[in-house]
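Open the model in your viewer and keep the selection box handy. We'll hop from one spot to the next, with a note on what to pick and what you'll find.

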Amino acid sequence: MNFLSLFARNLRRGPYTEAFPFGPAKTPEHLRARITFDPKQCEGCRLCEKVCPAGAIRFTRTPGGMTFDCWHATCVFCGTCEFYCPTKAVKQSNDWHLAHAQGEKYAQVEHGLIPNQICVECGAKALDTAPAVSHIKPPLSAEEVTELRARCPKCRNKYLRSRKTS
Amino acid sequence: MSADPQISKVSTIPVGPLHVALEEPMYFRIDVDGENVTGVDINAGHVHRGVEYLTMKRTMTQNVVLTERICSLCSNSHPETFVMAAENIAGITIPERAAFLRVIAAEVKRVASHLFNVAILAHLTGYEMLFMHVMQIREIAQDLKETVFGNRMDLAAMCIGGVRYNLDAEMTAYMLGALDKLEPEVQAIIKTYKTNSSILRRTRGVGVIAKDEAISVGAVGPVARAAGIDYDVRVVAPYAAYNKLTVPVPTLKDGDVWSRAMIRLYEVANSIQMLRDCLKLLPGGAINLGERPDIPAGRAVAKCEAPRGELIYYLKTNGEEIPERVKWRVPSFMNWDALHFMFKGSKIADIAIIVNSIDPCVSCTER
């Protein structure tokens, strides 16, 4: 390797380092960074909480429903939650801007609420989770999913049983 | 100076525990006679974190991630071997595509790991420009990891029953482009390490270990291959898709620091070729079994060729989600003992170069 030619090459090319924070930093699309949560898509199976190796994810039952919390400071960005999430309600975005002031450290949380709803059939209070439909055959239509979603777990089972027999 | 009977001829100096070669804690008590090393005592355990104990407190799925974080440079080999052990117990055969994707992840890590070690060698010989250049070339592999896997070090590629990442046409094209960029640069680096007089003067005939000595301490990986031992787990006990690929095993006879660096560089070139073969042969189909497979009670041993050599995992399960025992034997543990032979007759100034030449991974070894 001729280091003079290498020197000339590097001189022509300029610095290899990125100018961040004074310029943009190249971020690949598949970068595994900040966790995002969509409560509308969550089935409430709590698998992400179970598989999370860092214990960063916690579900809590509250009077308003069930809350999801992912502590970014505890998260190790392994992506296991996204991989096992049946509906991809938990996703890993490529947003790596996680630097924050010391005072904000307890606010570095992805928070979501799966609210309670009143079952349209029996009137019981139940979580408004996305129904687990991926394994059901024949697949449900969009209207059927909406109808199923409006019910409590018991009535959902009843709905699916009656669908099978009809 | 006349010999003073009050002063011992041999004095003992401490090397480490910080900043021996890499910024990893290894502690050596070295007996020196003038500038020559006469004896060495290696003291380990400075970064013991109890990871083996932690694996017995976490589920199998969580352990795949935990084992990935034992070490950064072989962060793919640990979960790979762990899931292989789990799959052995459950009798799982992974899909063919997953086997090839496992090879791709492993070889990309090998390229980055070996280039890092070779760069540090240039740094220790005081050749900073070459160090910077090799690290810059390694950055191509780092960018590849970040773009394809989403992280520069922890690929998160493994899961029990297959892999977690997939390659589409765009990613395959990107990888081939990156390999095309990497290959001529690696060939140029090989030529430099072969011919540059600064490198040769500091590394030829330094830290020599003979073949029979290497066998007696059970040296593995590039350390063994540089001493003439033709041993590579990818060839003697093929796992993943290595039985469908040509795996060249370069060996050299001298067993000195230079030979070990050259073995690593040859392996980088071979890995690039194997990555190309993999991308060409990559079959379609599933990348994993989809579910989280149940691991029944049982015991299994799995091994793979980590960048530093043979990595062995022992796994004992009792049918529950949490393993009963996980134990691993890392390549650096075997190669540490080889240092006793390498230090024999060397100079104090060569200590750092010799330590670096076994590519010690202290965080794996002391976990």
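Start by selecting H5(B), residues 128-148: this helix gives the largest pocket six of its lining residues, the largest share. (Helices here are DSSP runs of H or I with at least four residues, strands are E runs with at least two, and both are numbered from the N terminus.) Before you go on: this is a predicted model, with local features needing pLDDT of at least 70 and side-chain atom pairs 80 or more, while totals for chains, interfaces and linings use all residues. Residues count from 1 along each chain as written, chains are lettered from A and ligands numbered from 1 in written order, and side-chain values use heavy atoms, without hydrogens or water.

Now add H1 (3-13) of chain A and H6 (169-195) of chain B, which, like H5(B), each supply at least two lining residues. The space has a volume of about 630 Å³. Of its 17 lining residues, show A:Arg13, A:Tyr16, B:Gln136, B:Glu139 and B:Asp143 as sticks, as they are the closest to the centre. Colour the lining by class and you get five nonpolar, two polar and ten charged residues.

What counts as a pocket? On a 1 Å grid over the protein atoms alone, it is an open set of points where a 1.4 Å probe fits, with protein on both sides within 12 Å along at least five of seven lines; lining residues have an atom within 4 Å of a point.

Next stop, the second largest pocket, with a volume of about 510 Å³. Pick A:His30, A:Arg32, A:Glu82, B:Arg164 and B:Tyr165, which lie nearest its centre among 22 lining residues.

Move to strand E2 of chain B, residues 27-33. Which residues sit on its covered face? Select B:Phe28, B:Ile30 and B:Val32; B:Tyr27, B:Arg29, B:Asp31 and B:Asp33 are on the uncovered one. E2(B) runs antiparallel to E1 (residues 11-15), joined by five bridges, and B:Pro14 stands opposite B:Arg29. E2(B) also pairs antiparallel with E3 (residues 36-43) over seven bridges (pairing takes at least two DSSP bridges). There, B:Phe28 faces B:Ile42. In the hairpin of E2(B) and E3(B), with two residues between the strands, click B:Gly34 for a positive phi near 65°.

Finish on H4 of chain B, residues 96-124. Of its 29 residues, 27 are buried (under 20% relative accessible area, 1.4 Å probe, protein chains only). Just after H4(B), B:Gly126 has a positive phi, near 85°.

How values were computed
Grid points are joined across faces, edges and corners, and a volume is the space filled by probe spheres set on the points. Ala, Val, Leu, Ile, Met, Phe, Trp, Tyr, Cys and Pro count as nonpolar, Asp, Glu, Lys and Arg as charged, and the others, Gly among them, as polar. Buried means under 20% relative accessible area, exposed over 50%, partly exposed in between (1.4 Å probe, protein chains only). The expected span of a helix is 1.5 Å times one less than its number of residues.
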